[in-house]
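Me: Please take a close look at a single part of this model, the salt bridges between side chains, and then follow them out to the place where the two domains meet. I would like one connected account rather than a list.

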Amino acid sequence: MTTSLQGPAVAHSGDSDTRGIDSQSRPGAEGQVRDNGPSRAGVPAFRNLIGGRWVDVADGPTFENRNPARWDEVLGVFPRSTAADVELAVASARRGFESWRNVPAPKRGEILRRSGDLLTARKDEIAERMTREMGKVLAETRGDVQEAIDTAYYAATEGRRLFSNTVPSELPRKWAMAFRRPVGVAAIVTPWNFPLAVPSWKIYPALLCGNAVVWKPAEETPETAAVFCEILLEAGVHPEAVNLVFGYGEEAGQPLVESPGIDVISFTGSTGVGREIGARAGRQLKGVSLELGGKNGQLVLDDADLELALEGVLWGAFGTTGQRCTATSRLLLQDGIHDGFLAELERRAAALRLGDGLDPRSQVGPIINEKQRHSIHGYVAVGREEGAELRLGGELPDAPDLAGGWFYPPTILAGVRPGMRVEQEEIFGPVLSVIRVRDFEEGVQVLNDTQYGLSSSVYTRDVARAFEAMERIEAGITYVNSPTIGAEAHLPFGGVKNTGNGHREGGWAPYTFFSEEKTVYVDYSGRLQKAQIDTHE
Ligand code: UN1
């Protein structure tokens, strides 16, 4: 629908019925929902956001967004974009970049601050919509929104800083300085487990630096993406600087990262896909930031506050139903406390309440979809074949109220030995592998012995041990006496080894990624001065 690319941006009417949805495609509108599935009565149709307008895709196919807690509930239909749609979005972003880059950075910061205010005002509503499409419990989706709010407010302050260096020149009457310029158009490709927080880590720094973005969110959580973009536009971001294309990785994500109109790429997701994107970006000499898998461990030493360590592992392993890059996937227990700790952990994990994330009594929501649940269940079988002992969970729940969703219970595999697949591979579900370790030395060695290095945790009362752990654990993040999850928006976030390619999100780091430094020398001596050749005795 190219006509809707023209004219001024109309992104948000203020009418809650039309949020993120083209008003003509509201429920009941004839001929707008072009999907061949069963009856779509009452199901809103969403569109791509290109140049400040919600537009149809070129070919017209759609995909459904469903509630993982009640799979028969279709929340919306979304366009299945292809390369042609991506190109429209990139063309829009190129135009948007030329305007947005000229808005002074402090002003860009003010606009992003306003988007933080709008997120704050709509926090509960967005959290509820997010729980419906992603599954995690309301307290956690509120946290997800809060993380984006924190990131917005942090971005606003960077608008008045965004510094580079001015340093002395080695020659007289000469200034030497550097300043930051935006890179251009950023491709943002994000996962479903943090539908708002993770995109905000990328989109806010990209916009604050003066770039335009084209965002391809995960197909599992598209509605949150629509709401976020609507808020960015309402706050006053240039309508062509924020573009949103829905769809699948191969059909929309791949043409996006390969588009010649894209200058820089930021991706969070699996290590396999990250490698692919990194290789393609490398051939095209595009900057690329990759946040990939994890196999995070919590090490509990004999001298630890065991109650604290228990609460920590319950939250780290089973919060978000284990679907975090930072989830605690391995628990390393020192010999002396192993048996007692495991028994108590089993007891408490068994008491966690599975259920629809919208129900305030629920503590553990569903898995995102059937494929993911199948994969998790498969890992439990692999662990048992490898000789691990299933101590809890490991079976599909049969309670009638859980039958309609992709629930999977907190699962504990004990007797796991280093090198087993369940000890090495990212499972991305509520499955905890428990490993017995002799002492601190063995604990650090086992913690480090994976291809990943995102988060880690050590529980001890010994301050020397804590510092040893901080030094020696090979991970981007180490927590002392707290679980592997819970990163704050203003500190670096990212991992070593196969968890990424060296970049960090959070805090200041992404502002250096989404900008390029320009160096300027100003010689006001009135004569040719030769660096490295003219010397001044
Ligand atoms: C992720 O799992 O991709 O530290 C991000 C945490 C959250 C972010 C997780 N603040 O667990």
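Reply: Arg-391 and Glu-346 form a salt bridge in this predicted model, with 2.8 Å between their closest N and O atoms. The two partners come from distant parts of the chain, Arg-391 sitting in strand β14 (residues 389-392) and Glu-346 in helix α10, 45 residues apart. Arg-391 is partly exposed, its relative accessible area being 29%.

Helix α10, which spans residues 335-350, also holds Arg-348. With a relative accessible area of 22%, Arg-348 is partly exposed, and, leaving aside residues up to four places away in sequence, Arg-348 touches Glu-307, Leu-310, Glu-311 and Leu-314. For one of these, Leu-310, the C-alpha atom lies 8.7 Å from that of Arg-348, although 38 residues separate the two along the chain.

The salt bridge of Arg-391 belongs to a longer list, since the rule, which asks for a side-chain nitrogen of Lys or Arg within 4 Å of a carboxyl oxygen of Asp or Glu, gives a count of 38 salt bridges. One of them joins Arg-80 to Glu-251, where the closest N and O atoms are 2.7 Å apart. Arg-80 is in the loop between β4 (70-79) and α1 (83-100), while Glu-251 is in helix α7 (residues 249-258), so this pair ties together parts that lie 171 residues apart in sequence. Both ends have some access to the probe: Arg-80 counts as partly exposed at 28% relative accessibility, and Glu-251 is partly exposed with a relative accessible area of 24%.

A further pair, Lys-202 and Glu-505, meets through side chains in a salt bridge of 2.9 Å, N to O. Here the link runs from helix α5 (residues 197-208), which carries Lys-202, to the loop between β18 (479-480) and α15 (509-513), which carries Glu-505, and the two residues are 303 residues apart. Lys-202 and Glu-505 are both buried, whereas Arg-391 is partly exposed.

Turning to the domains, the assignment for the chain gives domain 1 as 86-291 and domain 2 as 296-480, and their centres, taken over C-alpha atoms, are separated by 31 Å. The contact between them draws 16 residues from domain 1 and 19 residues from domain 2. Between them the two domains bury about 1,400 Å², of which 65% is on carbon and sulfur atoms. On the side of domain 1, Val-137, Glu-140 and Trp-192 lose the most area to domain 2, and together they make up 35% of what that side buries.

Across this interface the rule finds one salt bridge. Glu-140 takes part in a salt bridge with Arg-324, the side chains meeting at 4.0 Å, N to O. Three residue pairs are also found in polar contact across the interface of domain 1 and domain 2. The elements giving two or more residues to the side of domain 1 that touches domain 2 are α3 (123-134), α4 (138-158) and α8 (271-283), and α3 gives the most, with five residues. By class, this side of domain 1 has five nonpolar, four polar and seven charged residues.

Notes: Residues numbered from 1 in each chain as written. Predicted model: local features only at pLDDT ≥ 70, side-chain atom pairs only at ≥ 80, totals over all residues. Heavy atoms only, no water. Domains from an automatic or database assignment. Contact = heavy atoms within 4.5 Å. Buried area = accessible area lost by both parts, 1.4 Å probe. Polar contact = N/O pair within 3.5 Å; in protein donor to acceptor, adjacent residues only side chain to side chain. Helix = DSSP H or I, 4+ residues; strand = E, 2+ residues; numbered from the N terminus. Nonpolar A, V, L, I, M, F, W, Y, C, P; charged D, E, K, R; others polar. Buried < 20%, exposed > 50% of the residue type's maximum accessible area, 1.4 Å probe, protein only.
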